[in-house]
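Trainee: I want to go through the labels on this structure and ask what stands behind each one.
Mentor: Good. Ask, and we will set values against cut-offs.

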6 protein chains.
Amino acid sequence: MGTVPLLTDEEASAEALAVFDDIRATRGTDFINNFWRALAHDPATLKATWERLKVVMAPGALDPLVKEMLYIAVSTANGCEYCVHSHTAAARAKGMSPEMHGELLAVIGMAAQTNALVTAMQVETDEVFRA
Amino acid sequence: MGTVPLLTDEEASAEALAVFDDIRATRGTDFINNFWRALAHDPATLKATWERLKVVMAPGALDPLVKEMLYIAVSTANGCEYCVHSHTAAARAKGMSPEMHGELLAVIGMAAQTNALVTAMQVETDEVFRA
Amino acid sequence: MGTVPLLTDEEASAEALAVFDDIRATRGTDFINNFWRALAHDPATLKATWERLKVVMAPGALDPLVKEMLYIAVSTANGCEYCVHSHTAAARAKGMSPEMHGELLAVIGMAAQTNALVTAMQVETDEVFRA
Amino acid sequence: MGTVPLLTDEEASAEALAVFDDIRATRGTDFINNFWRALAHDPATLKATWERLKVVMAPGALDPLVKEMLYIAVSTANGCEYCVHSHTAAARAKGMSPEMHGELLAVIGMAAQTNALVTAMQVETDEVFRA
Amino acid sequence: MGTVPLLTDEEASAEALAVFDDIRATRGTDFINNFWRALAHDPATLKATWERLKVVMAPGALDPLVKEMLYIAVSTANGCEYCVHSHTAAARAKGMSPEMHGELLAVIGMAAQTNALVTAMQVETDEVFRA
Amino acid sequence: MGTVPLLTDEEASAEALAVFDDIRATRGTDFINNFWRALAHDPATLKATWERLKVVMAPGALDPLVKEMLYIAVSTANGCEYCVHSHTAAARAKGMSPEMHGELLAVIGMAAQTNALVTAMQVETDEVFRA
């Protein structure tokens with residue numbers, strides 16, 4: 001179990017349930033994943049997080065699949081097991097092919113490697129990059 | 001200065017210069033950024049890193065601009081100042097608009113936030129995400 | 001199992017047992033949690049770690065509950081599952097209410113988000129903050 | 001310079017200026033720090049971030065000084081130079097004494113150390129902490 | 001289960017099997033650990049990763065046991081459970097004694113602690129270290 | 001400037017000066033680097049940190065040069081600029097050759113890369129590694 005229990009629909013407050021309803025309507029599914037059931041202990045944070053997430057992950061200048069892959073990249077670098085699993089599932093649902101997944105992993109690995117090399121060598125930023 | 005000096009073309013070994021030549025030819029520019037000049041102290045690592053990077057960042061199932069944005073996402077989460085600067089410059093050169101940059105930053109911030117919330121609550125991964 | 005087995009009282013050395021005794025006396029409980037049983041393989045590190053922890057977490061200019069919440073914040077950012085669990089339990093034992101926990105999580109999430117935004121934008125530190 | 005320039009009041013959009021005005025009114029100062037001037041390139045993210053920050057950092061079950069110290073703890077673990085500077089300044093302005101600062105640093109250092117020890121030993125979470 | 005299934009020898013492609021064969025020959029064992037079975041979904045990354053790893057971890061100016069301990073140190077700081085387990089097992093197989101393991105952990109913990117203290121105090125680098 | 005000023009010998013307390021004296025005697029140099037001058041604001045933490053560091057970094061089952069390289073590895077993964085610089089200087093003073101430095105960097109980069117790949121794939125730990 002986590003540091004807070006997961007709230008069922010029956011245990012959630014009216015404010016939390018209203019967020020669950022919007023999640024269900026937005027995603028077109030009855031399923032509420034554990035992250036939201038955990039956050040439901042603090043309805044204000046639940047609501048603020050969901051409402052911002054809905055805006056941030058919506059189609060815009062970047063398409064939703066690219067956004068899911070970016071989410072996987074950040075979650076991997078931050079070592080968040082849950083987030084890697086949930087956003088990999090979401091990316092697949094949005095069309096990520098095995099080839100795209102393979103390339104995503106290769107970029108993540110490459111970036112982690114050169115990040116470490118740069119930090120170990122303390123390379124100074126080229127002036128041209130700051131322009 | 002970093003933990004290793006940056007090698008000029010005159011100071012670099014023949015093996016390192018051959019890598020510089022390939023970087024120049026591949027990128028269509030005479031400019032060699034500091035990362036490669038620092039790595040030139042270890043020509044074998046320079047060569048292995050460049051040759052892998054060239055493959056990983058090439059067009060494929062994901063386009064090069066998406067790959068640059070993924071690189072920025074990882075570099076941000078890893079706190080690599082040089083890498084954030086160099087890959088933001090590269091993403092711009094490949095067509096990242098201010099709107100795309102804004103959305104990229106919003107996703108990175110959102111992911112960092114929910115990564116932290118998930119970790120603090122130690123949310124268990126939903127079975128459906130593991131399928 | 002971890003990378004070292006957990007030592008029972010019977011398996012622990014005399015030096016490790018003396019630390020266990022002090023943990024028990026200081027905390028007023030017979031329970032020794034797994035961290036100390038794992039560290040018992042290296043009695044010198046066990047002793048140094050416990051003795052410093054006892055001083056650092058004692059009441060002072062900051063009260064012990066605030067210190068536990070700071071510990072949760074650092075452990076979350078470092079992605080330490082065990083530490084998040086153990087210090088959340090400790091904070092609750094010292095009086096952390098659900099409301100305090102909710103606000104703690106909100107601050108942790110907010111900080112993670114703005115840390116990422118700042119790093120992605122490479123914002124220069126205002127002179128006034130360095131004074 | 002960062003990856004985005006800092007916008008002056010003259011350069012900021014009307015939507016961004018409205019946020020600057022609220023920051024000024026809330027904090028009782030004309031000063032707008034660089035984080036907000038950088039974020040002003042994306043007024044929607046600027047507004048969402050500021051409005052959530054204002055709520056999260058307000059007095060509640062935890063007092064604002066404790067929240068600033070939590071922010072320092074997370075920012076340190078995430079390696080955000082700007083954030084460490086800005087929130088240390090904010091904590092001082094809210095009454096953090098040198099003794100409190102010293103204890104804050106000691107807890108941050110202690111947590112980082114035991115986080116690493118736990119991870120290196122892969123200690124299993126005690127059942128009692130999950131209850 | 002992970003975000004990709006683990007491929008058996010029967011499921012792996014010919015290109016992946018060729019890498020498995022080289023791992024087996026190099027290590028003198030029939031055992032292929034899960035990391036390689038997961039990577040086998042992307043034979044090009046599997047091959048590139050293995051071939052570079054084989055070179056990097058080979059005896060050179062540093063002996064293979066020191067390299068395994070360095071690997072544990074990085075994996076701990078990055079919070080990679082699998083990597084801590086696999087490289088601790090590898091270090092033991094290469095002769096890491098309990099005393100060496102204890103000192104390794106003590107250095108890792110010490111470094112994590114002073115890294116955090118330095119970051120929280122934002123200590124400027126002494127000029128003499130940059131020479 | 002950092003979040004605390006650096007104390008000169010004249011500004012340091014008697015307790016802090018006694019630690020400075022021991023650092024000078026132990027290292028055989030009059031030079032006190034900035035980390036200790038910053039920590040001098042909190043003589044108790046200064047003393048506890050130095051006394052533990054002195055023990056941890058002393059010759060033992062691992063030689064001091066290996067310990068410095070482990071310190072560089074952790075500091076790189078944690079993104080601590082000061083620590084990377086100071087421990088690279090210390091490793092050189094203890095005999096790290098350019099070849100050793102090159103191999104150290106290659107291992108750090110390799111580990112960072114495979115840590116990321118493992119986390120992105122969420123590879124389950126092989127049972128044999130837990131034995």
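Trainee: What makes the crossing of α1(C) and α3(C) left-handed?
Mentor: First, a caution: this is a predicted model. α1(C) passes α3(C) in a left-handed crossing. The label means that the near helix is turned anticlockwise from the far one by less than a right angle.

Trainee: Why is α1(C) called roughly parallel to α3(C)?
Mentor: Take the angle. Helix α1 (residues 14-27) of chain C and helix α3 (residues 43-56) of chain C pack at about 20°. Angles under 35 degrees count as roughly parallel. So α1(C) is roughly parallel to α3(C). Their axes are 9 Å apart.

Trainee: Which residues of α1(C) and α3(C) meet?
Mentor: From α1(C) come Glu15(C), Ala16(C), Val19(C), Asp22(C), Ile23(C) and Thr26(C). They meet Pro43(C), Leu46(C), Lys47(C), Trp50(C) and Lys54(C) in α3(C). By class, this contact of α1(C) with α3(C) holds 6 nonpolar, 1 polar and 4 charged residues.

Trainee: Ala12(C) next. Where does Ala12(C) lie?
Mentor: In the segment before α1 of chain C.

Trainee: How do you know whether Ala12(C) is buried or exposed?
Mentor: Count C-beta atoms. Ala12(C) has 21 other C-beta atoms within 10 Å. The cut-off for buried is 20 or more. Therefore Ala12(C) is buried.

Trainee: What is Ala12(C) in contact with, leaving aside its neighbours within four places in sequence?
Mentor: Leu7(C), Leu17(C), Phe20(C) and Ala40(C). Ala12(C) and Pro43(C) are 31 residues apart in sequence, yet their C-alpha atoms are 8.8 Å apart in space.

Trainee: Now the copies. How do you know that chains B and A are related as by a two-fold rotation axis?
Mentor: Superpose them. A turn of 180° with a shift of 0.0 Å along the axis lays chain B on chain A, and the RMSD is 0.0 Å. The two copies are thus related as by a two-fold rotation axis.

Trainee: Why say that these copies meet through the same surface?
Mentor: Because 100% of the interface residues of chain B are also interface residues in chain A.

Trainee: How many residues does each chain bring to that contact?
Mentor: 57 residues from chain B and 57 residues from chain A. On the side of chain B that touches chain A, several helices each supply at least two residues, including α2 (34-39), α4 (64-77) and α7 (127-130). α6(B) gives the most, with 17 residues. By class, that side of chain B has 33 nonpolar, 16 polar and 8 charged residues.

Trainee: How do α3(A) and α6(B) pack?
Mentor: At an angle of about 150°, with axes 10 Å apart. The crossing of α3(A) past α6(B) is left-handed. Thr49(A), Arg52(A), Leu53(A) and Val56(A) meet Ala106(B), Val107(B), Met110(B) and Thr114(B). These residues divide into 5 nonpolar, 2 polar and 1 charged.

Trainee: What makes the relation of chain C to chain E that of a three-fold axis?
Mentor: The turn. Chain C goes onto chain E by 120° with a shift of 0.0 Å along the axis, at an RMSD of 0.0 Å. That is the relation of a three-fold axis. In chain C, the C-alpha nearest the axis belongs to Gly79(C), 3.8 Å from it.

Trainee: How do you know which surfaces chains C and E use?
Mentor: Check recurrence. 17% of the contact residues of chain C recur in chain E. The copies use different surfaces.

Methods. Residues numbered from 1 in each chain as written. Chains lettered and ligands numbered in written order. Predicted model: local features only at pLDDT ≥ 70, side-chain atom pairs only at ≥ 80, totals over all residues. Least-squares fit on C-alpha atoms with pLDDT ≥ 70 in both. Contact = placed C-beta atoms within 7 Å. Axes fitted to C-alpha atoms, helices over the stretch in contact; angles between N-to-C directions. Helix = DSSP H or I, 4+ residues; strand = E, 2+ residues; numbered from the N terminus. Parallel < 35°, antiparallel > 145°, perpendicular 65-115°, else oblique. Nonpolar A, V, L, I, M, F, W, Y, C, P; charged D, E, K, R; others polar. Buried ≥ 20, exposed ≤ 12 C-beta atoms within 10 Å, placed from the backbone.
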